[in-house]
Amino acid sequence: MRLETLSAMRQSVVDGLPDTARNLARQALSEGISPMAAISEGFVPGIEAVGEQFAKHQIFLPDLMASAEAMQAAMGVLDLELRKQGMNRPTAGVVVLGTTKGDIHEIGKQLVGTLLAAHGFRVHDLGPDVPGQAFAAKALEFRADIVGVSALLTTTMRNQKTVIEELEKAGLRPQVKVMVGGAPVTRRWAEEIGADGYAKDAMAAVALARSLMDAKAQPNSSTVPL
Ligand code: B1M
């Protein structure tokens, strides 16, 4: 049954069916499938398959958009469930999160935010297409410990650097750690732009955020999260 449900989840995203995806997310929870398994073994393989088809010009942008909508519908259900897990935990740190300017991809960034929240971080998600100055302004407003910047396009990755520059301009860089991620982003790129850490996926982002908080608490420690 579990395998059937996971495979139906994948298919609902491939076919771009938001109602079906939402219902399958609910069904998964009632079957005792963990929200993380539903996301990583059910819905994410669907959006990845669609991404490959798009790259090979086998499908077109409207198909990709329908699939993204189905993915978002399922995430709406699973996000709530995962966040509940973080509610009773002491605050692990304050994170301001967003996707860079010019980039409207937000599914991966939302997943990072959901998992951080599930692990006790207070997350302020600024959404997609966020200018560098807005990251800096919100980091100041929310007294952020960490600013997390996602980018899914090779053309918008460079705006991760702009965010760091804006934090420097605002005088916030000493107290705010910067983590970056997204499909085209690499550890090497993170080093090149002067970020404090890179995470390849949402679980790695939680581990990284924790080690960045440790590094903040021990400023003279020689451990470098990158
Ligand atoms: Co677009 N898109 N897209 N897209 N899209 C990609 C990224 C692409 C690789 C598809 C392809 O060609 N195979 C390609 C980029 C090529 C490149 O630059 N190298 C592409 C393109 C070209 C485009 C457009 C330009 C298409 C067009 O208009 N002609 C356009 C761009 C618009 C813009 O941003 N200005 C576009 C539009 C869209 C949609 C709107 C239709 C939709 C997004 C909907 C939405 O987010 N609301 C969409 C989608 C869905 C995709 C693919 C298929 C899937 C992305 C996704 O959600 N993955 C993608 C192909 C692919 O990645 N396989 C593609 C699932 C998600 C869970 O993974 O986002 O990688 P991911 O996040 C992971 C990690 O990367 C990491 O953790 C996450 C969870 O494990 N991570 C972080 C992410 N952020 C992090 C931050 C961190 C740490 C880790 O710290 C802060």
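User: What makes the space taken by the ligand count as a pocket rather than a cavity in this model?

Analyst: In this predicted model, the space taken by the ligand is the largest pocket, and a pocket is an open set of grid points, whereas in a cavity the probe fits but cannot get out. The ligand's space is therefore classed as open.

User: How do you know that H105 is a donor to the cobalt atom of the ligand?

Analyst: The NE2 atom of H105 lies 2.2 Å from the cobalt atom, and a donor nitrogen has to be within 2.8 Å of such a metal, so H105 qualifies, and it is the single donor from the protein. H105 itself lies in the loop between β1 (93-99) and α5.

User: Why is the approach of I104 to the ligand called a polar contact?

Analyst: A polar backbone atom of I104 is 2.7 Å from an oxygen atom of the ligand, and because the cut-off for a pair of N or O atoms is 3.5 Å, the pair counts. By that limit, I107 also makes a polar contact, with a backbone N or O atom 3.4 Å from a ligand oxygen, as does G102, whose backbone N or O atom lies 3.0 Å from a ligand nitrogen.

User: Which helix gives the most to the shell around the ligand, and how do the residues of the shell divide?

Analyst: The helix is α4, with five residues, while the shell divides into 20 nonpolar, ten polar and four charged residues. Domain 1 (2-84) and domain 2 (93-217) each supply at least three residues of this shell.

Note on methods: Residues are numbered from 1 along each chain as its sequence is written. This is a predicted model: local features need pLDDT of at least 70, side-chain atom pairs count only at pLDDT 80 or more; totals for chains, interfaces and linings use all residues. Side-chain values use heavy atoms; hydrogens and water are left out. A polar contact is a pair of N or O atoms within 3.5 Å; within protein, one must be able to donate a hydrogen and the other to accept it, and residues adjacent in sequence count only if both atoms are side-chain atoms. On a 1 Å grid over the protein atoms alone, a cavity is a set of points where a 1.4 Å probe fits but cannot get out, and a pocket is an open set with protein on both sides within 12 Å along at least five of seven lines; lining residues have an atom within 4 Å of a point. A molecule sits in a cavity or pocket if more than half of its atoms lie within 2 Å of its grid points. Helices (H or I, at least four residues) and strands (E, at least two) are DSSP runs, numbered from the N terminus. Ala, Val, Leu, Ile, Met, Phe, Trp, Tyr, Cys and Pro count as nonpolar, Asp, Glu, Lys and Arg as charged, and the others, Gly among them, as polar. Domain bounds come from an automatic or database domain assignment. Donors are N, O and S atoms within 2.8 Å of the metal (3.2 Å for Na, K and Ca); water is not among the atoms, so sites may look incomplete.
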